[in-house]
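Please open the model in a viewer and keep the selection panel at hand. The stops below give, in turn, what to select and what is found there.

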Protein chains: 2
Amino acid sequence: MTEQPKHQNSSETPPHERTLKRAISDADKDLRRNEILAAAKRVFSSKGFHSTTIADIAKDANLSYGSIYWYFDSKDALFHELMAVEEQALKDYIYAARKDATTRPDQSFQAAVQATFEFFEADKALVKLLFRDSYALGDRFEAHLFRIYEGFIGDIEAVVTHYQEKGEIIDAPPHLVAFSIAALITEFAHRRLETDDGLPASVVADFVIKLLLEGLLPRRKDRSGGQ
Amino acid sequence: MTEQPKHQNSSETPPHERTLKRAISDADKDLRRNEILAAAKRVFSSKGFHSTTIADIAKDANLSYGSIYWYFDSKDALFHELMAVEEQALKDYIYAARKDATTRPDQSFQAAVQATFEFFEADKALVKLLFRDSYALGDRFEAHLFRIYEGFIGDIEAVVTHYQEKGEIIDAPPHLVAFSIAALITEFAHRRLETDDGLPASVVADFVIKLLLEGLLPRRKDRSGGQ
DNA sequence: CTATGCTGACTGATACGTCAATCTATTAGG
DNA sequence: CCTAATAGATTGACGTATCAGTCAGCATAG
């Protein structure tokens, strides 16, 4: 048993022109972290959680394998962070959309639904991975996803209760109503990821909202929707 | 290098009372196949796809590792078969429920929705695995699941078109309507797998149908639902 | 010179699928 | 009716591959 050195990068020309600037300052480190997150986003999106390896991410980020572990504790931790980042991004996007549609409250709601569709479509694969597939990744991510989902349902429920108090919508159990709305939105959003039905987000958003508000049974013309 | 025999179950008492009857006849082989499927069902349910190993299934089925491969080509093939079997079981269950509710057509629909909830609840973990999580398992299962889902939507769409022709529901795009119905059903069904809201299936089914039919906006009393 | 960002070979563990050996129910032969 | 041969069902160790995470060492900014 001869002791042999583990590293021998002698007697060879450097394989690539590795011109990696070291991240020294906190700002640089944040930047590198974000580069890794961006790489992870790309790779996870295209290959799914189980099929992407840390090596894949490292390669995409132009970093070595070990460096990933310098910035993140584990593959799971990296994925959790992605979930959190994207959740925030979605919230921000929706918030901005609702703020733009200040004219009428129900328009604000329509804007939120539409914004959700748009957000999903902007980043199809990743959103699918984070907001659906991660259910299947076991308890570790399921809890996180569930928390995210509950948050959105809570937001919707607040809106529902608000309108119920004003008597503008019927007195169905608000949580069930909120869940139904969320269900339709997420399912439609995911549906649109798989099959491109060619419909613009606004049309689908309109359809969903009209269906929820008016129902399938014909209505007498005499009563219109608004307040 | 001494040739050593690979098996030496000599000089030992048989570890278990292995009283495995060989499956010779076609009927026996079918039986064994089904035993394996049942074992796979149990193990997959409790551990998820990636965490269950062929060894787990073999153990649960009281068979050796290799025998699984005598009956199935691969882990994937086994899982695909489970999907197919359960899809058929769900269809049968719904069909039976609708047949029982022959009194009125809309009752038949309510029965179908309720039956779906019941079916999901009877086998929570497995159904969740097969009808949701397998999306995340990569293209191989995604296509299969998608096909199943499309089949159900097609069935619903037929019902929707039927009622539209009779003028009993509004003239919204039938495919979108069918998809919405499917979306609400599946999301509620899955929801009920995770959080036990304590509501009986019939109540939830009623809620879903009423929401879809009547919508959230208040209706004038003067027009009732049925024909 | 030193702290630390960075590297990538290595370890250990896991698990799929294969296969030669073994076993047994059935059949063929005496 | 009994025994040997055959088919094919069953077994589990092995080959092979994959990967998450570690770590000893390298390199560079300050």
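Select the residues of the surface near DNA strand D: nine are nonpolar, seven polar and eight charged. Here Ala, Val, Leu, Ile, Met, Phe, Trp, Tyr, Cys and Pro count as nonpolar, Asp, Glu, Lys and Arg as charged, and the others, Gly among them, as polar. A residue is near a strand if one of its heavy atoms lies within 4 Å of it.

Two remarks apply to every stop. This is a predicted model, in which local features need pLDDT of at least 70 and side-chain atom pairs count only at pLDDT 80 or more, while totals for chains, interfaces and linings use all residues. Residues are numbered from 1 along each chain as its sequence is written, chains are lettered from A and ligands numbered from 1 in the order in which they are written, and side-chain values use heavy atoms, with hydrogens and water left out.

**DNA strand D**

Remain at this strand and highlight A:Arg22, A:Tyr65, B:Arg22, B:Arg32 and B:Trp70, which come nearest among the 24 residues around DNA strand D. Of the strand's atoms that come within 4 Å of the protein, 57% belong to sugar and phosphate.

Next, colour the helices, which are DSSP runs of H or I with at least four residues, numbered from the N terminus; strands are runs of E with at least two. Helix 3 (65–71) of chain A, helix 1 (26–47) of chain B and helix 3 (65–71) of chain B each supply at least two residues of the surface near DNA strand D. Helix 3 of chain B gives the most, with five residues.

Now display polar contacts, that is, pairs of N or O atoms within 3.5 Å; within protein, one must be able to donate a hydrogen and the other to accept it, and residues adjacent in sequence count only if both atoms are side-chain atoms. Which atoms of chain A lie 3.5 Å and 3.1 Å from phosphate oxygens of DNA strand D? At 3.5 Å there is a backbone N or O atom of A:Thr52, and at 3.1 Å a polar backbone atom of A:Ile54. On chain B, select B:Gly66, where a polar backbone atom is 3.1 Å from a base nitrogen of DNA strand D.

**DNA strand C**

Move to DNA strand C, which has 26 residues around it; A:Arg22, A:Arg32, A:Trp70, A:Tyr71 and B:Arg22 come nearest. Sugar and phosphate make up 62% of the atoms of this strand that come within 4 Å of the protein.

Select A:Arg32 and A:Tyr71 together. An N or O atom in the side chain of A:Arg32 is 2.2 Å from a phosphate oxygen of DNA strand C, and for the side chain of A:Tyr71 the corresponding distance to a phosphate oxygen is 2.4 Å. At A:Gly66, a polar backbone atom is 3.0 Å from a base nitrogen of DNA strand C. Helix 1 (26–47) and helix 3 of chain A, together with helix 3 of chain B, give two or more residues each to the surface near this strand. Helix 3 of chain A gives the most, with five residues. By type, the surface near DNA strand C divides into ten nonpolar, eight polar and eight charged residues.

**Chain A**

Show chain A alone as a cartoon: its secondary structure comes to nine helices and zero strands. Of its 227 residues, 43% count as buried (under 20% relative accessible area; exposed is over 50% and partly exposed in between, with a 1.4 Å probe and protein chains only).

**The axis between the chains**

Display both chains. A turn of 180° and a shift of 0.1 Å along the axis lay chain B on chain A with an RMSD of 0.1 Å, superposed by least squares on the C-alpha atoms of residues with pLDDT of at least 70 in both. That is the relation of a two-fold axis. In chain B, the C-alpha nearest the axis belongs to B:Gly215, at 1.8 Å.

Centre on B:Gly215, in the segment after helix 9 (201–214) of chain B. Is B:Gly215 buried or exposed? B:Gly215 counts as buried, at 2% relative accessibility. Not counting residues up to four places away in sequence, B:Gly215 touches several residues, including A:Ile170, A:Gly215, A:Arg219 and B:Lys210; contact means heavy atoms within 4.5 Å.

**B:Ser180**

Finally, select B:Ser180 in helix 8 (residues 174–194) of chain B. B:Ser180 is buried, with a relative accessible area of 0%. A polar atom of its side chain lies 2.8 Å from the backbone oxygen of B:Leu176. Beyond residues up to four places away in sequence, B:Ser180 touches A:Leu184, A:Phe188, A:Phe207 and A:Leu211.
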